[in-house]
Amino acid sequence: EIEIDLTFNADISAVKFDKIKMAAAAASELLDEVVVKDIYFSEDGSCALTLRFSFVSGDRTLTKQELAPATEAVCKALEPMGLVLKI
């Protein structure tokens with residue numbers, strides 16, 4: 001199992017966690033679990049949401065390099081929900 005934490009700019013009032021989990025799971029067959037790691041509210045009113053994505057394969061050891069396309073696909077799947085990867 002490899003866990004990858006990603007932080008997104010988000011309108012937390014519009015975020016529906018069940019929809020995030022479904023969209024992320026549909027984007028990668030290697031995705032096993034999604035959990036909220038942190039929610040940060042800044043003084044200017046913006047919000048950052050950190051999600052932990054757990055990837056697993058039953059037949060081989062995964063590498064972070066191998067998961068780059070899966071991570072990209074998950075990020076793209078979450079963009080229509082207003083989650084934009086924080087750089």
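These are my notebook entries on the fold, the surface and one nonpolar patch of this chain.

**Entry 1, the model.** I am working from a predicted model, and I keep that in mind for everything I record below.

**Entry 2, the fold.** I looked up the secondary structure first and found that the chain has two helices and four strands, which follow one another from the N terminus in the order β-α-β-β-α-β. I then checked the overall dimensions: the radius of gyration is 13 Å, close to the 12 Å that the globule rule gives for 87 residues, so the chain is as compact as a globular protein of that length. Along the principal axes, the C-alpha atoms fill a box of roughly 45 × 20 × 20 Å.

**Entry 3, contacts and burial.** Among the contacts in the chain with a separation of 6 or more, I note that 68% join residues 24 or more positions apart. As for burial, 34% of the 87 residues count as buried. The chain exposes about 5600 Å², and of this area 51% is supplied by carbon and sulfur atoms.

**Entry 4, the patch.** Which residues make the nonpolar surface patch of about 270 Å²? I find that V36, I39 and F41 make this patch. I followed V36 further and placed this residue in strand β2, which covers residues 31-41. Is V36 buried, partly exposed or exposed? Its relative accessibility is 41%, and because buried means under 20% and exposed over 50%, V36 counts as partly exposed.

Notes
Residues numbered from 1 in each chain as written. Predicted model: local features only at pLDDT ≥ 70, side-chain atom pairs only at ≥ 80, totals over all residues. Heavy atoms only, no water. Patch = residues over 30% accessible without salt bridge, like charges linked within 9 Å, V, L, I, M, F, W, Y side chains within 5 Å. Areas by Shrake-Rupley, 256 points an atom, 1.4 Å probe, with all protein chains shown as cover. Salt bridge = Lys/Arg side-chain N within 4 Å of Asp/Glu carboxyl O. Buried < 20%, exposed > 50% of the residue type's maximum accessible area, 1.4 Å probe, protein only. Rg over C-alpha atoms; globule rule 2.2 N^0.38 Å. Contact = heavy atoms within 4.5 Å.
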